[in-house]
Amino acid sequence: MALNFEHTRQLCRFIILLSTLILYMCICAAIYSLLEKENDRTQYNLYQGLKKSYKRKYNLSEDEFIKFVKDASIMYKRGYMGEYRDYWNFYHSFWFTITVVTTIGFGHIAPVTFAGRLFCIFCALIGIPLNLGVLKTVGERITKYIRSTVKHIEKKYLKRRRPNRVGFKVAGVAFIMMVIVLLVGGASDMVFDGWTFFDGVYFNFITYSTIGFGDLFPRVEKASKLDELGFGENGKRLFVSCIMLIFMIIGLSVTSTVICSILQAVEEMSHVPATWTSVRSSAIFSRDDSVKLESIKEETDGGTMQSWTEEIKCNDTS
């Protein structure tokens, strides 16, 4: 009976979480539609006017214009507009591999050959678990350090024998760390890439959360501020690679720490004592049978260990 109750409780919790997620996505979709729809219509009218102007100026049919736009977009996206640049040298291939194993997937370059796409599948199958292992290790260390620091401060300075709501406090500290990383990253992109500060913060968040739209992407060859350092082309790429790699590891780890901390805080909030009274179903259990679930936290040297114990009280009143 206790197992059936726990199964029912978990099922209800899943339904509530799923319903909340669907409701949240519907609200976000309505907000996106409200914010972007009018601008999208304006952009459509603008580019329809440009389309008519180009077709009339160069005497192009609809099919010819569409083919021209497709070819031009490919040329621009792959960097074929001017002098040839090898976008599949080791430097660019290395950063493409990073976008694969981190699941960021900017889409600024992508394999087009059968062999390249096939290898990308195997690269992701092995690289993604390895990357998750690294981020998990770093994130756990960050979370453990924050948790121990919070407990130490509360015990020593606030004189609290048993700190409560530690998960919420860890999530708050991790969120502040993430904000600092985003602000520093936004400032660096503003200086080196010539972006606005908001675009830099936006790019860093989209990157560290592994959303990776690809609408913004830093170009080393266009970073004129780096030329003042006198590194040269190869030195500039090496410098940028080291800085971006360090920031990416820190940013991904901190962002994953925030997400995990929020999940732990929600889990901590849901671990409340639950009492359920059953109806007589057999001669063993009476009408007042109850199953109480209590969360017991045991302090250990290695940290906090949570375990569930079940207390079954059977009071036969028959």
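**Exercise 1. Find the salt-bridge partner of Lys-67 and describe the setting of the pair.**

Solution. Start at the side chain of Lys-67, which forms a salt bridge with Asp-71; their closest N and O atoms are 3.1 Å apart. Bear in mind as you work that this is a predicted model. Next, place the two residues: both belong to helix α2, and they sit four residues apart, about one turn of the helix. Finally, look at accessibility. Lys-67 has a relative accessible area of 54%, so Lys-67 is exposed. Asp-71 comes to 34% and is therefore partly exposed.

**Exercise 2. Work out which helices are linked by the salt bridge between Lys-51 and Glu-62.**

Solution. Begin with the contact itself: the side chains of Lys-51 and Glu-62 meet in a salt bridge at 2.6 Å, N to O. Then assign each end. Lys-51 lies in helix α1 and Glu-62 in helix α2 (residues 62-77), so the pair, eleven residues apart, links distant parts of the chain. Now compare the surroundings of the two ends. With 17% relative accessibility, Lys-51 counts as buried, while Glu-62, at 31%, counts as partly exposed.

**Exercise 3. Classify Glu-154 and Arg-160 as buried, partly exposed or exposed, and place their contact in the wider set of salt bridges.**

Solution. The closest N and O atoms of Glu-154 and Arg-160 are 3.5 Å apart, and the two residues form a salt bridge. Glu-154 has a relative accessible area of 5%; because buried means under 20%, Glu-154 is buried. Arg-160 has 38%, and is thus partly exposed. Elsewhere, salt bridges that share partners join Lys-51, Lys-55 and Glu-62 into one network. Over the whole structure, a search finds six salt bridges.

**Exercise 4. Describe how helix α5 crosses α4 and how α5 crosses α6.**

Solution. Two packed helices are described by the angle between their axes and the distance between the axes. Take α4 (residues 114-156) and α5 to begin with: their axes come within 9 Å and cross at roughly 120°. That angle makes α4 oblique to α5. As for handedness, α4 passes α5 in a right-handed crossing.

Move on to α5 (residues 166-192) and α6 (residues 197-208). Here the axes come within 7 Å, with a crossing angle of roughly 125°. This makes α5 oblique to α6. The crossing in which α5 passes α6 is right-handed.

**Exercise 5. Identify the residues of the nonpolar surface patch that includes Leu-11, and give their joint accessible area.**

Solution. List the members: Leu-11, Phe-14, Ile-15, Leu-18, Leu-21, Ile-22, Tyr-24 and Met-25. Together they have about 790 Å² of accessible area. Then take one member as a check. Leu-11 lies in helix α1 (residues 2-58). The relative accessibility of Leu-11 is 43%, so Leu-11 counts as partly exposed. That fits the patch criterion, because members need over 30% relative accessible area.

**Exercise 6. Locate Thr-255, decide whether Thr-255 is buried or exposed, and give the C-alpha distance from Thr-255 to Val-181.**

Solution. First find the helix: Thr-255 lies in α8, which spans residues 232-270. Next, read the accessibility. The relative accessible area of Thr-255 is 5%, so Thr-255 is buried. Last, turn to Val-181. In sequence, Thr-255 and Val-181 are 74 residues apart, and in space their C-alpha atoms are 9.4 Å apart.

How values were computed: Residues numbered from 1 in each chain as written. Predicted model: local features only at pLDDT ≥ 70, side-chain atom pairs only at ≥ 80, totals over all residues. Heavy atoms only, no water. Patch = residues over 30% accessible without salt bridge, like charges linked within 9 Å, V, L, I, M, F, W, Y side chains within 5 Å. Areas by Shrake-Rupley, 256 points an atom, 1.4 Å probe, with all protein chains shown as cover. Salt bridge = Lys/Arg side-chain N within 4 Å of Asp/Glu carboxyl O. Buried < 20%, exposed > 50% of the residue type's maximum accessible area, 1.4 Å probe, protein only. Axes fitted to C-alpha atoms, helices over the stretch in contact; angles between N-to-C directions. Parallel < 35°, antiparallel > 145°, perpendicular 65-115°, else oblique. Left-handed = near helix turned anticlockwise from the far one by under 90°.
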